[in-house]
Amino acid sequence: MPGPGLQSDSNLDEGSGENPRLKLLVGALVFALVFAVAFTQRGIPLGFAGGSVDGDWFDLGANLATYGVLGFGNEPLVYRPPGFPAFVALVLKVVVDPASNSDDILNTRGPSGVLTAQAIVLAIGAVELFLLMALRLRLFTAFAAALLFGTNPYSLAVASLVHYDVLAWAAILMLLLALDRAFQIPDARVALAAFFGAGCVLAAGALIRPVAMLAPFFLVAVFWARKNGSARWKAYATFLAGFAVVLLPWTARNFVVTGRVLPVHAQGWTATFVSSATAMVRNPDVYEWNAVARRYYLPLYKRVTGEETIETGTYARNVIALEDAARAATFVNLRAKPHIYLLNVFTGAKALCTQINAGILTIYTKAQTRTPFRPEWIAAGSRDNILRGPEGDSFRFLHDLLGLTGVFGVCLALKRRDPFLAVPVAIALTIVATHALSYLDYYYYAVKMPFLVLFGFYGVDMLPRAPRLALIVSLLGLSATLSWLMGFFS
C-alpha cells in the first residue's frame with residue numbers, strides 16, 4: 001500500500017516525492033546541524049569508560065597506529081573486534097602520530113581527535129537515517145527524526161565516550177540503507193552488485209560489533225518475501241558472498257594467531273557462561289559485570305591462569321583456554337539449571353526492547369557540575385554514582401514515547417504488509433536475539449538508538465496531520481530542551 005511519503009508534493013510536510021535535489025539539501029542541513037551541536041558543545045566529555053573493563057579501546061587503537069598490531073606491542077590479541085581500534089588508529093595517524101610523539105601529547109590530543117571524529121560520524125549516521133526514512137516517509141518526518149537522533153542528549157552523551165557506539169550506529173544505518181536500496185533496484189545485475197555491497201557492509205559492521213552476525217538467518221524471510229523464484233536465492237547468495245569476502249581476511253588472521261576459526265573475536269562463551277550462571281538483575285543503569293564476574297567468572301579464571309585477579313594482559317594471552325573452560329562450564333550449568341539461562345534469555349530480550357541506560361545522562365551532568373562522585377563512575381559499589389537523576393527520568397519518558405509510537409508503527413506496517421520495515425525489523429530481532437542468547441549489560445543498550453528513532457517516527461508519520469505535527473514538535477521540543485538544560489547547546 002503506497003504511503004504518504006510517496007506523494008509528489010514539494011511541501012515538506014506532505015512528502016518529498018522523487019526530488020533528489022531537495023533531499024540532498026535537507027540531508028546537508030541535517031549533517032550541518034548535528035555536527036555543529038556535537039562538535040561545538042563545550043561540556044566535559046565522559047571520555048573513557050571509568051571503572052569498567054570496557055575502556056581499553058583507545059590504547060588498542062594507539063597500539064595499532066604505532067605497531068600495526070591489534071594487541072600489546074607486537075603481541076596480537078583476539079578478544080576485541082578490530083573495527084573501532086582501527087577507527088581510533090586512523091584518527092591518531094591524522095591528529096598525532098603515536099610513533100613520533102610522547103605519551104603526554106598522545107593522551108592529550110588523541111582523545112580529543114577521536115571525539116571530533118565521532119561528531120562527524122554521528123552527523124553521518126543522522127544523514128543515513130534521514131535518507132532511509134525519506135525513501136518512505138514525509139520529508140519533514142524524516143528530517144525531524146534525523147535531527148532528534150543526532151542531537152538528543154543520550155546520543156550526545158554517548159558520543160562523548162571514547163567507545164564504539166557511534167561508529168556502530170553508522171554501520172547499522174548504512175546496512176539498512178544498502179539493503180533497502182538493493183531490494184528496490186529493478187535491474188537484476190545492478191541489484192546483485194548492490195546485494196554484494198550490502199553483505200560487505202554487514203561484515204564491516206560485524207568487525208566493529210558482531211551483534212548482527214546472525215542477520216543472514218533472520219533475513220531469509222525478507223529475501224523470500226521480497227524476491228521471486230531463483231532471483232531470491234541469487235540475491236541471497238550474493239549477499240552472503242559480500243559478507244564472506246570482507247570477513248574472511250580477519251578470520252584468517254585469527255586462525256594464524258590462535259589455530260581456531262574465529263570470525264571476529266573470542267569472547268562469546270565467556271558472556272554465555274555468565275548468563276547461564278545466575279539470574280541477571282537487568283537494571284540498565286547498573287554495570288553488572290563487575291559483580292557477577294567476581295562471584296562466578298573469577299574462580300574459572302583462577303583455575304585456568306593461576307592468577308588471583310583479572311588482568312587484561314593475562315586475560316588476552318589465555319583467552320582461548322578461558323573460552324574453552326567457559327564453554328565447558330556453560331554446558332554444565334545448562335544441564336544443572338536450564339531455567340536460569342532461559343530466564344536470562346527472556347529478561348534480556350525484554351530489557352533491550354523496553355529499557356535504556358538513561359543513568360548515563362546523570363553521570364554526564366555530575367561531570368559537568370563537578371559534583372563529588374567516584375571517578376570510577378560505574379564501578380561495583382558506587383551506588384551513588386548510578387542513581388538516575390531528573391535528566392535520566394526525562395529522557396526515559398522520551399524513550400518510552402518513541403517506543404509506544406514504534407510499536408504502533410510496526411503493527412501498522414505488518415497490517416498493511418509494508419515492506420519498508422522488513423529489513424529494520426529483521427536486523428533489530430537479530431540484535432535482540434544475540435544479546436538475549438549471550439549477554440546484556442550497561443553499554444549494550446545504546447545499540448537500540450537507531451531503531452528506537454526509526455520505528456518511533458515511522459509510527460508518528462502514520463498519524464493524521466494535526467496529531468502528527470503536534471507529536472513531532474513535542475518530541476523535538478522535549479529532546480532539545482533536555483539537551484539545552486544539560487549544556488549541549490552552548
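How much area does the protein expose, and what share of it do carbon and sulfur atoms supply? The exposed area is about 20400 Å², and carbon and sulfur atoms supply 65% of that area. The model shown in these figures is predicted.

**Figure 1. Overall fold of the predicted model.** The secondary structure of the protein comprises 22 helices and 2 strands. With a radius of gyration of 22 Å, close to the 23 Å from the globule rule for 490 residues, the protein is as compact as a globular protein of that length. The C-alpha trace spans about 70 × 60 × 50 Å along its principal axes. Buried residues make up 56% of the 490 in the protein. Of the contacts between residues at least 6 apart in sequence, 77% join residues at least 24 apart.

**Figure 2. Charged side chains of the protein.** There are 39 positive and 30 negative side chains. The centre of the positive set and the centre of the negative set lie 8 Å apart.

**Figure 3. Close-up of Glu288, a buried residue without a salt bridge.** Glu288 sits in the loop between helix 12 (268–277) and helix 13 (289–305). The nearest side chain of opposite charge belongs to Arg282, at 5.6 Å from Glu288. A salt bridge requires a side-chain nitrogen of Lys or Arg within 4 Å of a carboxyl oxygen of Asp or Glu. Apart from neighbours within four places in sequence, the contacts of Glu288 are Met280, Val281, Arg282, Tyr439 and Asp441. Arg282 is thus named both as a contact of Glu288 and as its nearest side chain of opposite charge.

**Figure 4. Close-up of Val319, a buried residue in a helix.** Val319 belongs to helix 15, which covers residues 319–336. The relative accessible area of Val319 is 2%, so this residue counts as buried. When residues up to four places away in sequence are not counted, Val319 touches Val78, Tyr79 and Ala266. Gly268 is 51 residues from Val319 along the chain, and the C-alpha atoms of the two are separated by 11 Å.

**Figure 5. Close-up of Leu90, an exposed residue in a helix.** Helix 3, made up of residues 83–95, contains Leu90. Leu90 has a relative accessible area of 56% and is therefore exposed; the cut-off for that class is over 50%. From Leu90 to Gly197 the C-alpha to C-alpha distance is 23 Å, and the two residues are 107 apart in sequence.

Note on methods. Residues numbered from 1 in each chain as written. Predicted model: local features only at pLDDT ≥ 70, side-chain atom pairs only at ≥ 80, totals over all residues. Heavy atoms only, no water. Helix = DSSP H or I, 4+ residues; strand = E, 2+ residues; numbered from the N terminus. Rg over C-alpha atoms; globule rule 2.2 N^0.38 Å. Buried < 20%, exposed > 50% of the residue type's maximum accessible area, 1.4 Å probe, protein only. Contact = heavy atoms within 4.5 Å. Areas by Shrake-Rupley, 256 points an atom, 1.4 Å probe, with all protein chains shown as cover. Lys, Arg positive; Asp, Glu negative; His and termini not counted. Charge placed at Lys NZ, Arg CZ, Asp CG, Glu CD.
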